[in-house]
Amino acid sequence: NKKGGFMTPNKEDYLKQLYKLGAEGDMVSNKSLSHALGVSPASVTEMLTKLKRDGYIELLPYKGSRLTERGAALAAELIKNHRLWEVFLVRILNMSPEEAHENAEMLEHSTSAEVCSRLADFLGNP
């Protein structure tokens with residue numbers, strides 16, 4: 001059983017959404033995820049199966065899913081990267097918050113830990 005399969009932006013978006021919806025470690029229903037992500041229930045089921053296989057979530061039939069410790073750590077890192085990019089894009093490049101959010105959504109998925117660390121230092125660790 002291979003743990004930690006190839007991570008994609010789509011998988012990362014699911015982890016972020018689970019992090020937001022299940023903030024207290026609560027179970028998140030497939031219906032909630034489907035609605036929040038704007039995808040079909042079948043797509044949610046398929047992705048959750050992959051995330052469980054990779055060790056990022058616990059999945060309980062008829063109850064929902066929640067992040068494992070590993071999944072929560074990755075989701076928190078993605079959200080941190082997103083927020084750093086938003087701060088940079090608004091403060092330094094004078095983008096509107098809306099523009100910054102859209103661009104940060106793309107940048108968060110392709111930012112190395114080294115770049116993120118340097119970005120945080122550059123911005124004074126906001």
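Visitor: How many residues apart are W85 and F88 in helix α4, and what does that spacing correspond to?

Guide: Spacing along a helix can be read in turns. In this predicted model, W85 and F88 lie 3 residues apart in helix α4, which means that about one helical turn separates them.

Visitor: Are W85 and F88 buried or exposed?

Guide: Burial is judged from relative accessible area, with under 20% as the cut-off for a buried residue. W85 is buried, and F88 is buried as well.

Visitor: How many aromatic pairs are there, and what is the geometry of W85 and F88?

Guide: Two quantities are read for a ring pair: the distance between centres and the angle between planes. The count is 2 aromatic pairs. For W85 and F88, the ring centres are 5.7 Å apart and the planes stand at 85°, so this pair is edge-to-face; planes over 60 degrees apart are classed in that way.

Visitor: Which residues do ring pairs link into a cluster?

Guide: The cluster consists of W85, F88 and F122, joined through ring pairs. F122 also takes part in a surface feature: together with I92 and L93 it makes a nonpolar patch of about 300 Å².

Visitor: Where is I92 found, and why does it count as partly exposed?

Guide: I92 belongs to the loop between α4 (69–91) and α5 (97–107). Its relative accessibility is 40%, and I92 therefore counts as partly exposed, the class between the buried limit of 20% and the exposed limit of 50%.

Visitor: Where is the place of A76, and what separates its C-alpha atom from that of K16?

Guide: A separation along the chain and a separation in space are read independently. A76 sits in helix α4 and is partly exposed, at a relative accessible area of 30%. A76 and K16 are 60 residues apart along the chain, while their C-alpha atoms are separated by 7.5 Å.

Visitor: Which residues does Q17 touch, beyond those up to four places away in sequence?

Guide: Q17, in helix α1 (residues 9–21), touches L33, A36 and L37 when residues up to four places away in sequence are set aside. With a relative accessible area of 16%, Q17 is buried.

Visitor: In what sense do strands β1 and β2 pair, and over how many bridges?

Guide: Strand pairing is read from direction and bridges. Strand β1 (residues 57–60) and strand β2 (residues 64–67) pair in the antiparallel sense over 4 bridges. One bridge partner to locate is R66 in β2, which faces E58 as its partner. The two strands form a hairpin with 3 residues between them, and Y62 in the turn has a positive phi of about 70°.

Methods. Residues numbered from 1 in each chain as written. Predicted model: local features only at pLDDT ≥ 70, side-chain atom pairs only at ≥ 80, totals over all residues. Heavy atoms only, no water. Patch = residues over 30% accessible without salt bridge, like charges linked within 9 Å, V, L, I, M, F, W, Y side chains within 5 Å. Areas by Shrake-Rupley, 256 points an atom, 1.4 Å probe, with all protein chains shown as cover. Salt bridge = Lys/Arg side-chain N within 4 Å of Asp/Glu carboxyl O. Buried < 20%, exposed > 50% of the residue type's maximum accessible area, 1.4 Å probe, protein only. Contact = heavy atoms within 4.5 Å. Phe/Tyr/Trp six-rings, centres within 6.5 Å; stacked < 30°, edge-to-face > 60°. Pairing = 2+ DSSP bridges.
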